[in-house]
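Work through the exercises below with the sequence and the model side by side, and try each task before reading its solution.

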Amino acid sequence: MRIDVITLFPEICRAPLNESMMKRAQQSGALELHIHNLRDWTNDRHHIVDDAPFGGGPGMVMKPEPIFAAVDSLRAGESRVVLMTPQGRRFDQHAAQRFSRDGHLIIICGHYEGVDHRVVENLVDEEISIGDYVLTNGAIAAVVFVDAITRLLPGVLGDVRSAADDSFVEGLLEAPQYTRPAEFRGWKVPDVLLGGNHAEIARWRREQALARTEKNRPDLLRD
Ligand code: ADE
């Protein structure tokens, strides 16, 4: 998969997407990632990317011209154009799975008070929010979005079962995990996990997943 990220803050994206699994995904060729500075598509001396909103109001709005120029130059055949914005549809694991089947994503990171709405109406295929809170800019959201999608690409996770077991895949949170030592500060690992009875372990994990979901995310059980 190819992903192009267009942002005013390339460095925010670069570091987290060049470590660990994201780095290996690029080295193996599963992900071809390009991070671009939107200012490279300005024509004026000061590389201006924003302006005051028509109708008044606080803050600045991102101008349409550099964004259209950037996407026009990066688009190649079947490209999907995504805008990171708190006004978008809320991102979740099912959306990550859907996007992971695309061949090319172009991600626009919003900033300031938003982007000129002609971008949303005429350029963007999907507006995506990573959650119901407002970040200082969309570059941080883009990192989350790219990470969640990339780990689902074929060959990126060492063990394919890891993705199948993910929280949310089956509408439940994951069951608790333990490792050695079997006793730590007097707290013991549940006996069932030490016994080697796989049917019992599976039953225990299912119960625990349900209890944890009921406690932390009851909304998942009601939907
Ligand atoms: N930009 C600012 N906040 C955001 C959010 N929650 N999701 C996506 N982009 C954003």
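**Exercise 1.** How far from a polar backbone atom of tyrosine 133 is a nitrogen atom of the ligand?

*Solution.* The model is a predicted one, in which local features need pLDDT of at least 70, side-chain atom pairs count only at pLDDT 80 or more, and totals for chains, interfaces and linings use all residues. Residues are numbered from 1 along each chain as its sequence is written, and side-chain values use heavy atoms, with hydrogens and water left out.

The distance from the ligand nitrogen atom to the polar backbone atom of tyrosine 133 is 2.8 Å, where a polar contact is a pair of N or O atoms within 3.5 Å. The protein covers 97% of the 260 Å² of accessible area that the ligand has on its own, as computed by the Shrake-Rupley method with a 1.4 Å probe. Going on to isoleucine 130, a polar backbone atom of this residue is 3.0 Å from a nitrogen atom of the ligand, and for threonine 85 a backbone N or O atom lies 3.2 Å from a ligand nitrogen.

**Exercise 2.** Identify the elements that supply the shell around the ligand, and describe the character of its residues.

*Solution.* Begin with the residues themselves, which include Met84, Pro86, Ile128, Val134 and Ala141, a residue being near the ligand if one of its heavy atoms lies within 4 Å of it. Next, assign them to elements (DSSP runs, helices being H or I of at least four residues and strands E of at least two, numbered from the N terminus): β5 (79-90), β7 (126-129) and α6 (138-150) each supply at least two shell residues, and the largest share, three residues, comes from β5. Finally, sort by type: eight are nonpolar, four polar and none charged, with Ala, Val, Leu, Ile, Met, Phe, Trp, Tyr, Cys and Pro counted as nonpolar, Asp, Glu, Lys and Arg as charged, and the others, Gly among them, as polar.

**Exercise 3.** Locate the cis peptide bond, and then examine the positive phi value of arginine 185.

*Solution.* The cis bond joins arginine 180 and proline 181, with omega about 5 degrees, and proline 181 is found in the loop between α7 (160-164) and β8 (183-184). Arginine 185, for its part, has phi near 50 degrees, a positive value in a residue other than glycine, and is found in the loop between β8 and β9 (187-188). Its relative accessible area is 70%, so arginine 185 counts as exposed (over 50%, with a 1.4 Å probe and protein chains only).

Notes. A polar contact is a pair of N or O atoms within 3.5 Å; within protein, one must be able to donate a hydrogen and the other to accept it, and residues adjacent in sequence count only if both atoms are side-chain atoms. Buried means under 20% relative accessible area, exposed over 50%, partly exposed in between (1.4 Å probe, protein chains only).
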